[in-house]
Amino acid sequence: MRAAVLTVSDGVHHGTRDDRSGELLEELLRADGFEVERRVVPDERSDISTAISTLAAESAVVLTTGGTGFAPRDVTPEATRPLLEREAPGIAEAIRADALTRTPHALLSRGLAGLVGATLVVNLPGSPGGCRDGYAVLRPALRHALELAAGEQASAHRQT
């Protein structure tokens with residue numbers, strides 16, 4: 001199954017910062033058996049939207065990292081929202097609730113989650129810790145979510 005990691009960062013795009021969050025997400029996804037494609041874009045709404053659209057056409061899941069906070073150039077949610085055909089607010093809420101147990105700054109996260117066609121798109125924070133913890137919240141339901149989104153008839157609705 002294919003997954004994509006989209007790093008949204010001016011610094012990473014310009015080569016002045018390492019992409020530690022993108023690297024971590026790639027490792028986590030590969031450990032779970034996904035083939036992973038990675039891209040980096042600057043904090044520009046049109047670049048983010050174009051990359052999400054392209055990656056969603058090729059992947060079952062797109063995880064973005066970065067651009068979800070309050071800084072003026074944090075526009076990942078604004079670039080994501082118009083693309084979503086169906087939002088999955090429970091995912092974003094669960095990631096924020098989990099993060100809130102560790103930092104009050106979780107209240108400042110504006111990340112979204114939802115479906116672009118049959119592809120799940122989840123906005124994660126730009127920090128490696130935020131990505132690690134956010135993926136840990138998503139992971140138990142990820143395969144089932146992707147099966148349902150793909151319309152797999154053999155995937156029964158499960159209570160957990």
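Contact here means heavy atoms within 4.5 Å. The structure is a predicted model, and this briefing considers two buried residues, Tyr 135 and Thr 80, together with a nonpolar surface patch that includes Leu 108.

**Tyr 135 and its surroundings**
- Tyr 135 lies in helix α6, which covers residues 128-149.
- With a relative accessible area of 2%, Tyr 135 counts as buried because that class requires a value under 20%.
- Apart from residues up to four places away in sequence, Tyr 135 touches Leu 25, Leu 28, Leu 29, Asp 32, Phe 34, Leu 63 and Leu 142.
- Between Tyr 135 and Glu 152 the C-alpha to C-alpha distance is 23 Å, and the two are 17 residues apart in sequence.

**Thr 80 and its surroundings**
- Thr 80 belongs to helix α4, made up of residues 76-80.
- The relative accessible area of Thr 80 is 0%, so this residue is buried.
- When neighbours within four places in sequence are set aside, Thr 80 is in contact with Ile 52, Leu 112, Val 121 and Asn 123.

**The nonpolar surface patch**
- Phe 70, Leu 100, Leu 107 and Leu 108 together make a nonpolar patch of about 420 Å² on the surface.
- Leu 108 sits in the loop that runs between α5 (89-100) and β5 (113-116).
- Leu 108 has a relative accessible area of 37% and is therefore partly exposed.
- That value of 37% also allows Leu 108 to count towards a patch, because patch residues need over 30% relative accessible area.

Notes. Residues numbered from 1 in each chain as written. Predicted model: local features only at pLDDT ≥ 70, side-chain atom pairs only at ≥ 80, totals over all residues. Heavy atoms only, no water. Patch = residues over 30% accessible without salt bridge, like charges linked within 9 Å, V, L, I, M, F, W, Y side chains within 5 Å. Areas by Shrake-Rupley, 256 points an atom, 1.4 Å probe, with all protein chains shown as cover. Salt bridge = Lys/Arg side-chain N within 4 Å of Asp/Glu carboxyl O. Helix = DSSP H or I, 4+ residues; strand = E, 2+ residues; numbered from the N terminus. Buried < 20%, exposed > 50% of the residue type's maximum accessible area, 1.4 Å probe, protein only.
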